[in-house]
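Q: Could you take a close look at one part of this protein for me? I would like to see the open sheet with its edge strands, and then how that part sits within the whole.

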Amino acid sequence: MDIKTIGVEDWLNVWEKSATYDIAQSTIASMTMGEILQLDGQAGATFYDRLNQEKMNYGWIEGSPEFKAEVAKLYRTEIDPDCILQTNGTTGANLMALMQLVEPGDHVIAEYPTYQPLYEIPRTLGAEVEYWHLREENGWNPSIDELKELVRPDTKLICINNASNPLGAVLDRETLEQIVEIAQSVGAYVLSDEVYLPLENTENFWSMADLYDRAVVTNSISKTYSVPGARIGWTVSNRELADKFRVYRDYTMICCGEFNDALATYILQNREAVLERNREIVFRNMAIAQEWIDSEPRVTWQAPKGVSVAYIQWDIPMDDEEFCIKLLKEEGVLLVPGNRFELPGGARLGYCAPEPVLREGLARLGRALRQFD
């Protein structure tokens with residue numbers, strides 16, 4: 001299989017361990033095990049009570065009943081546990097879904113620019129992929145009229161990333177319902193990667209799982225829930241698709257393991273404590289980043305809607321990648337250059353880093369930008 005390198009992953013694989021001030025990541029300040037064990041108010045007793053009874057065998061192949069019950073609580077509609085499949089993060093969920101849904105010659109519409117696998121995997125599988133563009137002049141939101149022009153009677157799949165990585169834009173319910181109407185008109189599926197839950201107006205966020213029977217929703221505990229180390233994600237779909245996904249799942253992963261399942265279940269059982277922590281980080285750090293941007297004449301952004309990823313644009317006479325490498329080597333600061341998302345002229349800013357890292361990283365970034373004054 002001839003598949004393109006994922007730009008952002010290739011960049012981080014090479015450079016992230018060289019950083020002193022990592023303000024490139026999209027997770028909300030990953031928690032330590034010490035922090036995690038404080039979530040239940042019992043020093044992790046509820047986690048260890050379960051873990052100490054478990055044999056470290058394969059465990060529940062599709063995810064434990066306890067895990068599935070917690071995932072089901074994230075949606076407004078009643079979700080059949082058999083329609084929830086545990087995966088190796090959202091990456092594994094997207095791969096499994098796309099491998100099952102896409103065949104050579106299919107017509108796929110993909111939001112763009114976005115996380116590269118959502119359009120490169122369909123293309124590699126032989127699909128004709130057309131881009132549904134996120135527009136800067138529209139607050140990095142796409143146009144429904146453009147989607148209407150792109151959709152065809154033979155459209156098989158529409159891929160969206162809600163919220164968007166790296167742009168931080170969120171599709172509201174009205175837009176999602178319009179996507180459903182368009183997809184329904186041609187019988188297309190919708191793959192909705194929802195790993196970035198907006199923490200601003202969360203109660204108004206709608207999952208595609210609650211709006212469309214032919215939706216496949218992917219998610220994990222990596223970003224919003226700050227535990228990427230557990231490598232636990234999931235798919236939610238209708239029963240027919242779930243049964244088809246099971247075949248691909250057995251080929252690619254078998255299971256996620258007893259420890260990871262127990263940890264993910266514990267995180268989701270204590271998600272309100274996690275979200276309270278993370279709202280504080282998101283809103284505090286967004287204010288810090290906004291204050292810095294307001295004082296920095298070469299940088300602008302469209303502020304993310306309570307999402308942990310953001311894209312900053314800069315006015316400098318240097319290639320993004322060249323500048324970011326120079327910034328890392330001279331200042332110890334890590335960003336992801338915009339061209340790794342096919343968004344030249346800026347970078348992904350992981351503003352949800354620990355506060356001291358963010359403040360020092362931004363100060364050093366500002367100093368590096370002064371060379372162009």
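A: Happy to help; here is the sheet, followed by the whole chain and two other spots worth a visit.

Please keep in mind that this is a predicted model. The sheet you ask about is open and has four strands, in the order β10-β11-β14-β13, and the pairing is antiparallel. Its edges are β10, at residues 299–301, and β13, at residues 336–337, each of which pairs on one side only. In general, the strands of a sheet pair through backbone hydrogen bonds, in either a parallel or an antiparallel way.

Now zoom in on the β13 edge. The partner of β13 is β14, residues 346–349; the two run antiparallel and are joined by two bridges. If you want a residue to centre your view on, try P337, which stands opposite A347 in β14.

Stepping back, the protein that holds this sheet contains 13 helices and 14 strands. Its C-alpha trace spans about 60 × 55 × 40 Å along the principal axes. The radius of gyration is 20 Å, which agrees with the value near 21 Å that a compact globule of 373 residues would have. Of those 373 residues, 58% count as buried. As for contacts, take those between residues at least 6 apart in sequence: 74% of them join residues at least 24 apart.

The surface and the charges may interest you too. About 15600 Å² of the protein is accessible, and carbon and sulfur atoms account for 48% of that area. There are 34 positive and 59 negative side chains, yet the centres of the two sets lie 3 Å apart.

For a helix to set beside the sheet, turn to α4, residues 65–72, where F67, K68, E70, V71 and A72 are buried. Their cover includes the strands β2 (84–87) and β9 (233–236), along with the helices α9 (239–252), α10 (258–269) and α11 (271–295).

A loop gives a contrasting view. P153 lies in the loop between α7 (144–150) and β6 (155–161). This proline counts as exposed because its relative accessible area is 77%, while exposed means over 50%. P153 also has a partner in space from elsewhere in the chain: V186 is 33 residues away in sequence, but the C-alpha atoms of P153 and V186 are 5.3 Å apart.

Notes:
Residues are numbered from 1 along each chain as its sequence is written. This is a predicted model: local features need pLDDT of at least 70, side-chain atom pairs count only at pLDDT 80 or more; totals for chains, interfaces and linings use all residues. Side-chain values use heavy atoms; hydrogens and water are left out. The radius of gyration is taken over C-alpha atoms; the globule rule is 2.2 Å times the number of residues to the power 0.38. Buried means under 20% relative accessible area, exposed over 50%, partly exposed in between (1.4 Å probe, protein chains only). Contact means heavy atoms within 4.5 Å. Accessible areas come from the Shrake-Rupley method with a 1.4 Å probe; for residues, only the protein chains shown count as cover. Lys and Arg count as positive and Asp and Glu as negative; His and the chain ends are not counted. The place of a charge is taken as NZ of Lys, CZ of Arg, CG of Asp or CD of Glu. Two strands pair if DSSP finds at least two bridges between them.
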